[in-house]
Amino acid sequence: MRKFINIAFSTIAVLMVMMPFVTLQGQKYPELDELVQKTENLMSPKISDNGKWVAWYSSKNDLREMVVYVRSIDDPKKQFMRKSVKKWIFAKDKISLLTGSRLEVLNLLTGKSMYFDHVKSMEYLKGEDLLVVHYNEKGEGRLELYNDKMRLQDILENVSYYLKKENDLFVMRKDKIVNEAFVLQNEKLQKIYSTPHAIQDIWLSGIAAGGYILSEVREEGIAAVYVSKDYEAVRMEDDLAGFQSFTPEFSQDDENVFLVFSKVVYPQKENVQLWYGTEKQLGKYTRGYVEKYKLIWDPVGQCKTVVSNSSYSSETPIGKKGFFLKLLDDQQMTDKADRQSGRGYDQLVLWDHKKDHHTLLMRFQGKMVIHPKGTSVLALSDKGWMLYDFLSGMCRDTQMPSHAVPYYTSDHQVLWISGGKLILENLLDLRQSTLADFGNFDVQAVNADVRQTPFGYGKHFGSVNLDQLLVVKVSDPEKEKFTYASIDKKGKVDLIVPETSDYLSEFRKAGNANAYVWITENYNKAPVIMAKRNRKAGKEIYQSNKGLKSAAAFKRIVVRYKGADGANLSGALFLPENGGDSLRYPVVTHIYESQHHLTNRYFKASFLNGLGMNEALLLHSGVGVFLPDISYSEKGPALSALESVHNALDQLVNIKQVDRTKLGLVGQSFGGYETSFIAGNSKRFAAYIAGAAVTDPIRMFYSFNKGFDAPEYWRVVGRQYEFKVPLADDPEKYIKNSPIMFAQNVSSPILLWVGSGDTNVDFEHTRSLFIALRKYRKPVVALIYKEEQHALIQPHNQKDLSLKMLDWWNYHLKDEKNIFWIEKQMKGM
């Protein structure tokens, strides 16, 4: 049943005039419906820890039909399939599958199963080799533990909930009016604490004395409780009225835990709000904010230190000596979000909390890697990577370039990944040696240990263990060459995946074996599950979409041209079939910065498209798809996009299979901004679609972004839009790159779409462009999806947009005129 959507073709929303909406219905596409029903998606492949088994989700008909397949890597005859599984977990040669409230534990060697009914959830503890089964209300909230032979190890009644944290299990039970906390010890559940108050969470303390930290919900607020290894409880005495939760931050301190208490503070509800120009976080006035109260607590000695200083944005504990790293706010910034533009510096400070002494270490530009033991830090400055040793107080230049990525490997050694080289550096004598060299390829560590900090992206603890195999992804996207490899500590390289032009995804290593699973695909090759054990060659486990018309019929042509900055760019043209020079196809061009990384993906037919765009539906409808790259110059983002796209079209129209009179352009978000601008500055497209687009960067500059709780100017000057100068410094540049300034010049029909609840790009941008186009009597239709986001979330809206976009291209590029909702606009012109 086709979904309906209400669309207003007037300034109803602006003038608030009460007029009826027009109900519109998209076209029916029975062949595409059938294609979507049959298209198979492979998702979430996993490999058992022993490296013998592979399992994955397979779905058809836009996720309506979900099954789990399980297969042996060595014996293809050993395979299993289960429908409607919501969770599954490997445990050696068994797999547990939860379907609805029924749990099946399947022995993969024998094919025999055990079943449990009324199950709410289940987990597997690898270290203890225990299966955790928690029953629902019909099962009276019972929690059971089973060993590897599926013998009942322990049982606990009336369990409210449990928490699995790595290999630790914490269980909470309510016994009449008492709440009890249990932990798993020696394969048995041991009660450690009871209280009349609700228990919110529990953690290992991390201190030398052992024990646990619990959060307890009291009437006055949240409370921290320490339970020793002898089960003696101590509550931290403090005035924390109103705080709703707390978390202990990771710390290696032997005596102290670092606790961060939080509560949501909502904005004032008074008739008049006071907004101050000195406030650096405007979100306080609109959506509220999270107030934090930070404490360093010695639960054994019952000492605590308040961590509070408004000059610092955040802190993280390091090492065992009570030291913290802090970030000092740049006082020149007007708003906390200003730093996100990529301009300015972070200032790194070392704090000795025992002496309450602060030491300014260095200024750096956003990237930082901390030693796991907290003995040193690597930070990126304008000179390159700098090393600061906390023990000696020495700071020095590593001489490594800014693009290099460091990982600590031991107390005094760092592994640098710089382009295709893996370089080991001794931090004591500064000597370097090459572990491996992949030439001009890019290398990424797959199994590095990266632990995030409160400082945000790019500032973390980072290390690799060279006593185990280091797994790396090796790629050259420009030449479409990809592989995965393992490297031992002596530098011996073994290819896991032979070099290929296919897109590789979902790559995973077995926990306790030299075995791997991944998915490989290409534009003309349906996704395949692959697996490899030890030194054997990788083998095909499962081929998807066997029954479909082969995508091998699609033709891909690489188009080369110059970008706005003179860079050599390329775009991929996909044609419905390799039918020689006799056929001419309409072509839809999709734009969004760089897209060459998408050109070896298999196009899956689906109506569940948050952006409405689906290459497979277009290609199977007889429409070509062009995915060009765009580069940017000092002229500004929109003018750069126009120049890059025009240069690409100059080469595209020379291809004989392309109908140059039937070209369409589509983009969403930043691509929608570029599309909206090109529509007013080009005569080369027959129709346009722009979604969730910024249409007025001048208005945007000083506006407030509800999603980021911050002014927009940091996004405009830096980040994606890269105007590079403020509006006041070069207003002409903003005018020349503003789509709405050229609405009067639009010469081809344009479809606009937006979610009215979009918090990333204000809905008013789309409405204002619609009004401008309407004023100049341009052929425009707007689709406004009620309360939808930047990309559509609701499946019925995703399908509606996908169908409407197909309608739009069929009407304007294929001359299929009997489409009512478009005819209403076009005949009224």
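Phe243 is buried in this predicted model. Its relative accessibility is 8%, and buried means under 20%, so Phe243 falls inside the class. Tyr293 has a relative accessibility of 22%, so Tyr293 counts as partly exposed.

## An aromatic cluster and its strands

Phe243 and Tyr293 form an aromatic pair. Their ring centres are 5.9 Å apart and their planes stand at 45 degrees, so the pair is tilted. Where do Phe243 and Tyr293 lie in the chain? Phe243 sits in the loop between β22 (233–235) and β23 (245–249), while Tyr293 sits in strand β25 (residues 289–298). The pair therefore ties together parts that are 50 residues apart in sequence.

The two rings have company. Ring pairs link Trp203, Phe243, Phe246, Phe261 and Tyr293 into a cluster. In the whole model, the count comes to 34 aromatic pairs.

Strand pairing runs through this region too. β23 and β24 are antiparallel and share 5 bridges. Within that pairing, Phe246 has Phe261 in β24 as its bridge partner. Both Phe246 and Phe261 are also members of the ring cluster. β24 then pairs with β25, again antiparallel, through 9 bridges. There, Leu259 has Leu295 in β25 as its bridge partner.

Is strand β24 mostly covered or mostly open? Strand β24 (residues 257–265) is mostly covered, with 7 of its 9 residues buried.

## Two open sheets

Strands of a sheet pair through backbone hydrogen bonds, either parallel or antiparallel. One sheet here has 4 strands in the order β3-β4-β5-β6. This sheet is open, and its pairing is antiparallel. At its edges are β3 (41–47) and β6 (79–83), and each pairs on one side only. From one strand to the next, the twist averages 20 degrees. Inside the sheet, β4 (residues 53–60) and β5 (residues 65–72) are joined by 8 bridges. One such link involves Ala55, whose bridge partner in β5 is Val70.

Another open sheet also has 4 strands, in the order β11-β12-β13-β14. Its pairing is antiparallel. Why does one side of β11 (119–125) lack a neighbour in the sheet? β11 stands at an edge with a single partner strand, so one side is left without a neighbour. The same reasoning holds for β14 (152–156) at an edge of this sheet. Neighbouring strands here are turned by 15 degrees against each other on average, direction ignored. Strand β13 (residues 143–146) joins β14 through 4 bridges in the antiparallel sense. Leu145 stands opposite Asp154 in β14.

## A covered helix

How many residues of helix α6 (residues 670–679) are buried? The count is 10 of 10. Among them are Phe670, Tyr673, Phe677 and Ile678. The charged residue Glu674 is buried as well.

## Spaces inside the model

Rolling a probe the size of a water molecule over the atoms shows where empty space is left. The structure holds 8 cavities of 30 Å³ or more. The table sets out two cavities and one pocket.

| Space | Volume | Lining residues | Classes in the lining |
|---|---|---|---|
| Largest cavity | about 90 Å³ | 14 residues | 9 nonpolar, 2 polar, 3 charged |
| Second largest cavity | about 80 Å³ | 13 residues | 8 nonpolar, 3 polar, 2 charged |
| Second largest pocket | about 840 Å³ | 30 residues | 15 nonpolar, 9 polar, 6 charged |

Which residues lie closest to the centre of the largest cavity? They are Ala91, Lys94, Tyr124, Leu131 and Met150. β7 (87–91), β8 (94–99) and β12 (130–135) each supply at least two residues of this lining. β7 gives the most, with 3 residues.

In the second largest cavity, Leu35, Leu548, Tyr602, Phe603 and His620 lie nearest the centre. Tyr602 turns up again in the second largest pocket. There, the residues nearest the centre are Tyr602, Lys604, Asn609, Asn614 and Glu615. The elements that give two or more residues to the pocket lining are β3, β45 (503–509), β46 (515–522) and α4 (615–620). β3 is also an edge strand of the sheet β3-β4-β5-β6.

How values were computed
Residues numbered from 1 in each chain as written. Predicted model: local features only at pLDDT ≥ 70, side-chain atom pairs only at ≥ 80, totals over all residues. Heavy atoms only, no water. Pairing = 2+ DSSP bridges. Axes fitted to C-alpha atoms, helices over the stretch in contact; angles between N-to-C directions. 1 Å grid on protein atoms, 1.4 Å probe; cavity = no way out; pocket = protein on both sides within 12 Å on 5 of 7 lines; lining within 4 Å. Points joined across faces, edges and corners; volume = space filled by probe spheres on them. Buried < 20%, exposed > 50% of the residue type's maximum accessible area, 1.4 Å probe, protein only. Phe/Tyr/Trp six-rings, centres within 6.5 Å; stacked < 30°, edge-to-face > 60°.
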